[in-house]
Amino acid sequence: MPSADHTRLLIIGGGPAGYTAAIYAARAGLAPICIEGYGSGGQIVRSPQVDNFPGFPGGVSGLELTGRMRDQAESCGARLVLSDVTQVDFGVRPFQVRTDEQTYRADAVIVATGANPRRLGLPGEDEFTGRGIAYCAICDGAFFAGKQVTVVGGGDAAVGEALSLRNVAAGVTLVHRRDNLRASTASKRALAEAPDVRVLTPYVIDDIIGDDENGVTALSLTRVGDGARSTVRADGLFVAIGHEPATALFAPWLETDRGWIRTQPGTTVTSMPGVFAAGEVSDVRYRQAITAAAAGCAAAIDAERWLVNGAAGLLHGADVEPHGHDLAAGQPVAVAAP
Ligand SMILES: Cc1cc2nc3c(=O)[nH]c(=O)nc-3n(C[C@H](O)[C@H](O)[C@H](O)COP(=O)(O)OP(=O)(O)OC[C@H]3O[C@@H](n4cnc5c(N)ncnc54)[C@H](O)[C@@H]3O)c2cc1C
């Protein structure tokens, strides 16, 4: 029988993938525990306006979107835990998942830890993180009211950060290492309509200049091609150069591909029976809130089939009755763990 720290299904991650998995699993009667992480809501909370998630004509903020998903998971019966998982042991059954506060035991696990912002890797980056260096304009932009900020990156996220920082900062510079930004046409158009954003290409940042008292004060740049050096004043640097999957905890246990968790094509099944992966943690291709949510749904169904029917449930998923209980009433699945 499940006890306070034992659950049929434990979900790691509180983004679109994790919350959707929690909704489906709770409605399937699995009484899941979802450890959300301190970054609850996931990456999309950084977006002030999400226009492409179905069901929201006129758009919705990322914070509200995942807030609603979270509320729905909770009202369906998922137990949400605001903590980070610090260690997992997938070599024992039930699986063990640890936070600083508690150790959980789970018959099945869904990994939905998404991705983290990629770092520049420059000396001084650690030292000045939180004292001038930031990775999220929505989260930290207000600290730079009336200041000079630089955004580094050339994709949609970088352009979005630069445009949103215009609303608070005194001046915004966008630095990219190539001549052409790889942002979408829509983002480039929006940037063109914001002539107050200074665009510097092709430049790389090679040094972060600052001191203990003031944090970041300037950036040293090198022009790609001729190596010409220059310095720009900057009170803040927003790094928007992509993301890396948050998989370090799982690498000893699960097969990965350049860091992303490997799943069997068309499923959320990982190399470890009973462990499933959903969302950006295993998706290098689509990386959208809706695809993450869809993968969360798929992972909950895969996990349920595995818990109910073992490996056969996965192999013949289309042939077995996955919902042999009353989903609408949320009847518990009364079978032993495989
Ligand atoms: C600035 C920005 C704007 C975007 N705009 C859009 C958009 O308009 N439309 C769109 O569809 N997509 C957008 N995206 C992409 C979208 O945010 C992601 O595709 C989506 O959030 C991925 O969902 P996920 O659940 O897989 O992972 P994430 O959103 O990354 O969530 C991962 C979750 O795992 C948790 N976690 C991580 N490590 C641990 C741990 N050790 N223990 C416990 N929990 C952990 C985190 O706290 C977080 O809650 C945007 C992304 C960014 C960065």
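**Salt bridges, a charged patch and a parallel sheet**

Arginine 166 has a relative accessibility of 32% and therefore counts as partly exposed, a value that belongs here to a predicted model. The side chain of arginine 166 meets that of aspartate 196 in a salt bridge, with a distance of 3.0 Å from N to O. This pair links distant parts of the chain, since the two residues lie 30 residues apart: arginine 166 is found in the loop between helix H5 (156-165) and strand E10 (171-175), whereas aspartate 196 is found in the loop between helix H6 (185-192) and strand E11 (197-200). Aspartate 196, at 46% relative accessibility, is likewise classed as partly exposed.

The search of the whole structure returned 14 salt bridges, and several others can be described in the same manner. Arginine 233 is joined to aspartate 235 by a salt bridge in which the closest N and O atoms are 3.0 Å apart; arginine 233 has a relative accessibility of 56% and so counts as exposed, because the class of exposed residues begins over 50%. A further salt bridge is formed between the side chains of aspartate 257 and arginine 258, at 3.3 Å from N to O. Of these two partners, aspartate 257 is partly exposed, with a relative accessible area of 31%, while arginine 258 counts as exposed at 64%. In addition, Glu36, Arg70 and Glu74 are joined into one network by salt bridges that share partners.

Charged residues also appear in a surface patch. Glu127, Asp211, Asp212 and Glu213 together form a patch of negative character. Within this group, glutamate 127 is placed in helix H3, which covers residues 125-128, and its relative accessible area of 44% makes glutamate 127 partly exposed.

The two strands named above in connection with the loops of arginine 166 and aspartate 196 also take part in a sheet. This open sheet is formed by 5 strands in the order E8-E15-E9-E10-E11, and the pairing is parallel. Strand E8 (133-134) and strand E11 stand at the edges, where each has a single partner strand, so that one side of each is left without a neighbour in the sheet. Strands E10 and E11 run parallel and are joined by 4 bridges; across this pairing, threonine 173 stands opposite arginine 198, a residue of E11.

Key: Residues are numbered from 1 along each chain as its sequence is written. This is a predicted model: local features need pLDDT of at least 70, side-chain atom pairs count only at pLDDT 80 or more; totals for chains, interfaces and linings use all residues. Side-chain values use heavy atoms; hydrogens and water are left out. Patches are made of residues with over 30% relative accessible area and no salt bridge: like charges are joined within 9 Å, nonpolar side chains (Val, Leu, Ile, Met, Phe, Trp, Tyr) within 5 Å. Accessible areas come from the Shrake-Rupley method with a 1.4 Å probe; for residues, only the protein chains shown count as cover. A salt bridge is a side-chain nitrogen of Lys or Arg within 4 Å of a carboxyl oxygen of Asp or Glu. Lys and Arg count as positive and Asp and Glu as negative; His and the chain ends are not counted. The place of a charge is taken as NZ of Lys, CZ of Arg, CG of Asp or CD of Glu. Buried means under 20% relative accessible area, exposed over 50%, partly exposed in between (1.4 Å probe, protein chains only). Two strands pair if DSSP finds at least two bridges between them.
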